[in-house]
Structure formats: C-alpha cells, structure tokens
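This briefing is intended for a reader at the bench who has the sequence and the model at hand. It proceeds from the overall fold to individual sites.

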Amino acid sequence: MQKFLDYLFKEWFRQVGEALLLAFLVTTFLFTTVGVVGSSMNPTLLNGERVFVPKYETWLVRFGLMQWRRGEVAIVKPPEGTPNAVAQFPVLGFQFRAFFIKRIIGLPGDEVSLREGVVYVNGQPINEIHITASLTPYPDSYPVVCYQNERLTALVTQQQVRFTPDTLPEYLKPTLEMLTPPSPEDLAKSRSGEHCFTGSLKLKPGYYFVMGDNRTFGGSEDSRTFGPVPASAIAGRANAVWWPLNRIRGLDIPEGFKGL
C-alpha cells in the first residue's frame with residue numbers, strides 16, 4: 001500500500017501539482033489570455049476573439065514602475081453591484097463578477113465629460129475616428145447633474161437613469177466626490193427650479209474613466225454607468241488579438257489619444 005501511495009504522489013500528484021503551480025505563476029506574473037464576450041468593444045474587438053494580456057505590466061504598475069495610458073484597452077473588474085456584471089459559470093452554474101474589456105479614456109487628475117456623443121478630456125475633444133469610421137455614436141451626455149436651490153438633487157447616468165443623493169448605489173458614491181462644482185450661472189438657474197445640465201468629473205488620484213468603443217445606444221456598460229474605477233480594478237492591458245488566427249493584430253493606442 002505504501003508503495004502504491006508513493007507511486008501516486010511521484011507520478012501523479014506531484015506532476016499535476018507542479019503543472020498547476022507553473023500555470024498559476026505564468027498567468028499571474030507573465031501573461032494570460034482573455035476572451036471577448038459581447039459587442040461592447042465593436043468595432044475594435046469582436047465577440048469570440050481572444051486577446052493577449054501581459055500580466056507583468058500589471059505588477060509594474062502596482063509597484064509604480066509604469067502607468068496605464070489613455071487609449072489603452074484594459075481588462076476591468078466593475079464595482080460590486082454594477083448592473084449586468086454578474087455572469088454564470090458554464091455547467092457548474094455558480095455566479096461570479098465578470099471582467100469587462102474597456103478603453104481607458106481618463107487618467108487620475110483628468111477632467112472628463114461627454115457632450116452629445118463627443119468625449120472631452122481636460123476640455124479637449126477626442127478625435128475618435130477609430131470608432132466614428134464604422135458607427136455613429138449615440139448623442140449621449142455625461143455626467144448630467146440636477147440642482148435646485150443650489151443643492152444637488154440628481155445624478156443622471158447612462159441611458160437616462162436618474163439617482164437622487166439618497167438613492168445613489170454604493171458603487172456610484174465615489175462619482176459624487178469627483179463632480180466638478182457648478183458654475184455661478186448654473187447655480188443661479190437652480191434658484192428658479194430644478195436645473196439639469198452636463199457637468200464633468202475631475203478624477204481622483206488612483207481612478208480611471210473607462211468606456212467601450214461601441215457608442216451606439218446601449219452598446220457598452222462602462223464608467224457612464226458604474227463611475228470611474230480604481231487602479232486596483234484594472235487587471236491588465238490587452239495588447240493584441242491572437243485568436244482567431246486569421247484576425248491576429250495589435251491593439252495600438254488610437255491616434256486621437258496621442259496628442260492629449
């Protein structure tokens with residue numbers, strides 16, 4: 001019996017354990033791949049494609065040796081409670097909070113807003129020809145805020161979902177802290193009744209604003225829905241598509257982001 005147990009350990013358990021440990025180390029510290037599910041990154045990424053993610057970059061960022069850049073495609077864990085962020089594991093059936101694939105739009109310290117479908121970073125509109133060449137963005141504006149008698153009465157998120165300060169979900173509370181103060185003109189209008197307008201967000205240290213490339217109505221659930229995400233929510237950068245083989249390509253930063 002002892003010989004049989006020794007055989008199992010040496011020939012099976014140890015080898016399988018070593019293989020699992022090696023796989024864990026590789027996917028944690030070197031690289032991994034992620035599958036694209038859905039259409040939120042159309043036209044850049046298509047459903048069913050797989051992207052290559054250098055995990056060592058994540059550790060370099062965490063140790064302060066490099067930074068994520070505007071325009072990069074990021075693997076993001078949305079905040080807990082985000083609508084449609086819970087997925088179901090095939091066959092086994094248990095639920096888990098899925099990762100999203102989005103583009104980094106704003107960095108810590110940036111001022112971000114969306115006006116009639118055009119994204120502004122630090123007051124400068126982004127030329128997103130990589131999107132507009134293939135689709136017409138929905139004329140969405142974000143963040144829309146409402147004031148009455150100089151007090152905030154509502155935050156209107158993506159697809160016109162309205163939250164009062166009392167009904168704001170936990171995952172959106174950091175967004176309130178990043179709203180830029182209203183202008184004297186907007187405050188004056190609020191004295192005559194509720195006044196709603198498009199404001200902007202000043203990203204706190206350690207927070208990023210992310211969006212999908214599919215800017216059609218309902219095309220992407222992103223920071224317009226769940227707010228800016230902390231650096232800890234970014235699991236890595238997708239730098240290339242490696243599957244299917246006939247669509248292998250790099251994921252470079254679009255030209256419109258390079259001058260910001």
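The model described here is predicted. Pro 43 provides a starting point: this residue is found in the loop that runs between strand S1 (31-35) and strand S2 (50-54), and the peptide bond joining Asn 42 to Pro 43 is cis. The protein as a whole contains seven helices and 19 strands.

**Overall composition**

- Of the 260 residues in the protein, 43% are buried.
- The protein exposes about 14,200 Å², and carbon and sulfur atoms supply 58% of that area.
- When contacts between residues at least 6 apart in sequence are considered, 66% of them join residues at least 24 apart.

**Cis peptide bonds**

- Most peptide bonds are trans.
- For the cis bond between Asn 42 and Pro 43, omega is about 5 degrees.
- A cis bond also leads from Trp 243 to Pro 244, with omega near 0 degrees.
- Pro 244 belongs to the loop between strand S18 (240-243) and strand S19 (249-250).

**The disulfide**

- The structure holds one disulfide, formed by Cys 146 and Cys 196 with their sulfur atoms 2.0 Å apart.
- The link of Cys 146 and Cys 196 is right-handed, with 105 degrees about the S-S bond.
- Cys 146 lies in strand S10 (residues 144-148) and Cys 196 in strand S13 (residues 195-198), so the disulfide ties together parts that are 50 residues apart in sequence.
- Cys 146 is buried, at a relative accessible area of 0%, whereas Cys 196 is partly exposed, at 37%.

**The loop after strand S10**

- Asn 149 lies in the loop between S10 and strand S11 (151-157), and Glu 150 is found in the loop between S10 and S11 as well.
- Phi is positive in Asn 149, near 55 degrees, and positive in Glu 150, near 70 degrees.
- Most residues other than glycine have a negative phi.
- Glu 150 is partly exposed, with a relative accessible area of 39%.

**Strand S7 and its partners**

- Strand S7 (residues 111-115) pairs in the antiparallel sense with strand S8 (residues 118-121) over four bridges; in this pairing, Leu 114 stands opposite Val 119.
- S7 and S8 form a hairpin with two residues between them, and Glu 116 in the turn has a positive phi of about 50 degrees.
- S7 also pairs in the antiparallel sense with strand S14 (residues 201-202), over two bridges.
- Glu 111 stands opposite Lys 202 in S14.
- In a regular strand, side chains alternate between the two faces of the sheet.

**The surroundings of Ser 220**

- Ser 220 occupies a position in the loop between strand S15 (207-211) and helix H6 (223-226).
- Is Ser 220 buried or exposed? Ser 220 has a relative accessible area of 3%, which is under the 20% cut-off, and therefore counts as buried.
- The side chains of Ser 220 and Asp 222 are joined by a polar contact of 2.9 Å.
- A polar atom of the Ser 220 side chain lies 3.2 Å from the backbone nitrogen of Gly 212.
- Leaving aside residues up to four places away in sequence, Ser 220 touches Ser 40, Lys 102, Gln 158, Met 211, Gly 212 and Asn 214.

Conventions. Residues numbered from 1 in each chain as written. Predicted model: local features only at pLDDT ≥ 70, side-chain atom pairs only at ≥ 80, totals over all residues. Heavy atoms only, no water. Buried < 20%, exposed > 50% of the residue type's maximum accessible area, 1.4 Å probe, protein only. Contact = heavy atoms within 4.5 Å. Areas by Shrake-Rupley, 256 points an atom, 1.4 Å probe, with all protein chains shown as cover. Polar contact = N/O pair within 3.5 Å; in protein donor to acceptor, adjacent residues only side chain to side chain. Pairing = 2+ DSSP bridges. Disulfide = S-S within 2.5 Å.
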